[in-house]
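Colleague: I am new to this structure. Please take me through it, with a close look at a single part.

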Amino acid sequence: MKLLIDAGNTRTKWAWCPEQLNHAAAWQVHTLNNQQWLQGDADAQDLLQALAKAEHIYLSNVAGAHWLQPLPALAQRLRLIQSGASALGLQNSYRQPSQLGSDRWCSLLAVWQQFGQSALVVTAGTAMTMDALLAKETTATFTGGSIQPGVRLMWQSLQQGAAQLDYAYPVESDAVQGFAQDSQQAMWLGCVQALTASVAAQFERLLNIAESPPLLILNGGDAALLHRYLPGPLAAQAIIVDNLVLKGLACLAEHTDE
């Protein structure tokens with residue numbers, strides 16, 4: 001059995017590698033926040049039990065070295081994924097390929113393997129990353145990307161840096177469109193519109209160099225939120241795909257002879 005683990009900035013997801021990767025029903029994904037993992041609560045114990053049963057473990061870790069501390073000795077069973085110069089027909093254009101976060105690399109691999117065409121891969125979470133995948137016949141290139149604060153980080157920076165903007169983060173029902181009618185709404189619209197404008201600009205850049213219209217793939221905890229605020233034409237063509245990092249790990253596991 002192959003165990004897949006996505007240790008992100010704030011949450012950890014894990015799943016057993018299914019036999020049919022593109023069947024949504026085949027995925028049973030477990031989630032815990034990283035604090036739970038470090039404190040060893042009941043959800044962390046479930047993951048530890050899975051680790052004990054696994055024959056092979058594929059781990060993407062962008063949570064930092066401290067996330068590894070509760071791991072038991074796994075010897076040859078653990079494969080810690082790092083970005084490389086190429087994998088599964090996808091080339092990495094970074095000057096130092098290993099500098100690309102393993103989560104972004106796995107997400108790109110998953111999109112390339114599932115869709116086989118050019119795409120802007122947007123992950124909206126603690127940070128928002130946008131990565132351009134440019135396809136040409138049977139190969140593809142990650143041409144580069146961008147990283148910016150996610151909506152909560154932007155909100156927190158305003159709270160902490162401006163004396164009169166100490167408003168609580170709004171609940172979903174407070175989401176607004178158009179022009180804000182108070183300062184809390186103005187903060188909110190400023191944050192989400194900064195994200196959607198970035199998506200629109202990067203998508204336009206990719207559209208100008210791709211041989212055919214690219215896909216717009218959204219994933220991450222704030223993917224649905226981002227989708228609600230995208231301009232109409234972009235929202236209509238955007239596709240939300242869950243658990244891209246785990247799916248990329250599964251692609252790597254599927255093509256590894258072990």
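How many of the residues of the protein count as buried? After that, please look closely at the open sheet and its strand order.

Modeller: Keep in mind that this is a predicted model. Of the 258 residues of the protein, 43% count as buried. Now the setting for the sheet. The protein holds eight helices and twelve strands. Its C-alpha trace spans about 60 × 50 × 35 Å along the principal axes. The radius of gyration is 19 Å; a compact globule with 258 residues would have one near 18 Å, so the two agree. Contacts tell us about the chain path. Among those in the protein with a separation of 6 or more, 54% join residues 24 or more positions apart.

Now the sheet itself. Seven strands form it, and it is open. Read across, the order is β6-β7-β10-β9-β8-β11-β12. The pairing is mixed. Strands of a sheet pair through backbone hydrogen bonds, either parallel or antiparallel. At the edges stand β6 (86-87) and β12 (238-240). Each has a single partner strand, so one side of each is left without a neighbour in the sheet.

Take the β12 edge. Strand β11, residues 215-219, pairs with β12 in the parallel sense. Three bridges make up this pairing. To find the place in the model, start at L216: its bridge partner in β12 is A238.

Last, the outside of the protein. The accessible surface comes to about 13,000 Å². Carbon and sulfur atoms account for 49% of that surface. The protein has 13 positive and 20 negative charges, and their mean positions are 4 Å apart.

Note on methods: Residues are numbered from 1 along each chain as its sequence is written. This is a predicted model: local features need pLDDT of at least 70, side-chain atom pairs count only at pLDDT 80 or more; totals for chains, interfaces and linings use all residues. Side-chain values use heavy atoms; hydrogens and water are left out. Helices (H or I, at least four residues) and strands (E, at least two) are DSSP runs, numbered from the N terminus. The radius of gyration is taken over C-alpha atoms; the globule rule is 2.2 Å times the number of residues to the power 0.38. Buried means under 20% relative accessible area, exposed over 50%, partly exposed in between (1.4 Å probe, protein chains only). Contact means heavy atoms within 4.5 Å. Accessible areas come from the Shrake-Rupley method with a 1.4 Å probe; for residues, only the protein chains shown count as cover. Lys and Arg count as positive and Asp and Glu as negative; His and the chain ends are not counted. The place of a charge is taken as NZ of Lys, CZ of Arg, CG of Asp or CD of Glu. Two strands pair if DSSP finds at least two bridges between them.
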